[in-house]
Amino acid sequence: MRYSGAMQTTITLSTRGPGLYEFTSDVEAFTRGQGNGLLMLFCQHTSCSLTIQENADPDVQRDLQVFFQRLAPPADDPSMSYLVHRTEGPDDMPAHIKAALTQTSLSIPVSGGRMALGTWQGIYLFEHRDAPHTRRVVAHFLRSE
């Protein structure tokens, strides 16, 4: 397969604390009408991540949050006493752990200007920090011939 051109943009997302923030529609607007190719998304942060997850039942998002909270609780939890990095607050190092276990980039095929997502799939920024943040995701589309 040959690639004939590329487009790039940065999507800015505001978060209000831990959770999954769907931004599928922002990405759809970027790829709409672009033909066939490959979309790459890259998160420019080390304490949040990207995921493709079910967007039909909010219980899936809640359960994911609870799972990761149990997996890596705040640094002031007794079970996390081994952590050294604490300068940015008790939620910071656990956020880095969660981001390391998930993904900071995604690749999605695009066909006829539409992402090849499944019926119930959505694209999410997974915020791992407690405070609100402004997050940036670089979207890069390679058009194929």
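1. Helix α1, which runs over residues 24–31, has T24, V27, F30 and T31 among its residues, and these four are buried. Viewed down the axis of α1, the buried residues fall within an arc of 120 degrees, so they line one face of the helix. This agrees with the general rule that an α-helix has 3.6 residues a turn, so residues three or four places apart point the same way. Just after α1, G33 takes a positive phi of about 75 degrees. As the model is a predicted one, this angle, like the other values in this note, is computed from predicted coordinates.

2. As to the overall layout, the protein chain holds three helices and eight strands, and their order along the sequence is β-β-α-β-β-α-α-β-β-β-β. The C-alpha trace spans about 55 × 30 × 25 Å along its principal axes. Of the 145 residues in the protein chain, 39% are buried.

3. Helix α3 (residues 92–101) also has a buried side, to which D92, P94, A95, K98 and A99 belong. These residues cover an arc of only 160 degrees around the axis, which puts them on the same side of α3. The face of α3 turned away from that buried side carries A100 and L101, both of them exposed.

4. The two exposed residues of α3 deserve a separate comment. A100, which lies in helix α3, has a relative accessible area of 63% and is therefore exposed, the cut-off being over 50%. The C-alpha atom of A100 is separated by 9.1 Å from that of C48, a residue 52 positions away along the chain. L101, for its part, counts as exposed at 54% relative accessibility, and L101 joins F67 and L71 in making a nonpolar surface patch of about 310 Å².

5. The structure holds four salt bridges, and it is useful to take the pairs that involve D92 and R129 before the others. The side chains of D92 and R129 meet in a salt bridge with an N to O distance of 2.9 Å. D92 lies in helix α3, whereas R129 lies in the loop between β7 (121–127) and β8 (133–144), so the pair ties together parts that are 37 residues apart in sequence. Both partners have little accessible area: D92 counts as buried at 1% relative accessibility, and R129 is buried with a relative accessible area of 10%. D91 is also part of this arrangement, since D91, D92 and R129 are linked in a network of salt bridges.

6. A further salt bridge is formed by the side chains of E127 and R135, with 2.7 Å from N to O, and here again both E127 and R135 are buried. The general background is that side chains of opposite charge can pair when their charged atoms come close.

7. The salt bridge between R62 and D63 has its closest N and O atoms 2.4 Å apart. Its setting can be read from the accessibilities, since R62 is partly exposed with a relative accessible area of 45%, and D63 counts as partly exposed at 40% relative accessibility. A colleague checking side-chain geometry may wish to look at this pair in the predicted model.

8. The largest pocket holds about 170 Å³ of space, and its lining consists of E28, T31, R32, G113, R114, M115 and L117. The elements that give two or more residues to this lining are α1 and β6 (114–115). T31 thus appears twice in this note, as a lining residue of the largest pocket and as one of the buried residues of α1.

9. One contact between parts of the chain that are distant in sequence concerns M40, which is placed in strand β3 (residues 37–43). M40 and A139 are 99 residues apart in sequence, yet their C-alpha atoms are 5.8 Å apart in space. M40 itself counts as partly exposed, at 28% relative accessibility.

How values were computed:
Residues numbered from 1 in each chain as written. Predicted model: local features only at pLDDT ≥ 70, side-chain atom pairs only at ≥ 80, totals over all residues. Heavy atoms only, no water. Buried < 20%, exposed > 50% of the residue type's maximum accessible area, 1.4 Å probe, protein only. Arc of directions from axis to C-beta. Patch = residues over 30% accessible without salt bridge, like charges linked within 9 Å, V, L, I, M, F, W, Y side chains within 5 Å. Areas by Shrake-Rupley, 256 points an atom, 1.4 Å probe, with all protein chains shown as cover. 1 Å grid on protein atoms, 1.4 Å probe; cavity = no way out; pocket = protein on both sides within 12 Å on 5 of 7 lines; lining within 4 Å. Points joined across faces, edges and corners; volume = space filled by probe spheres on them.
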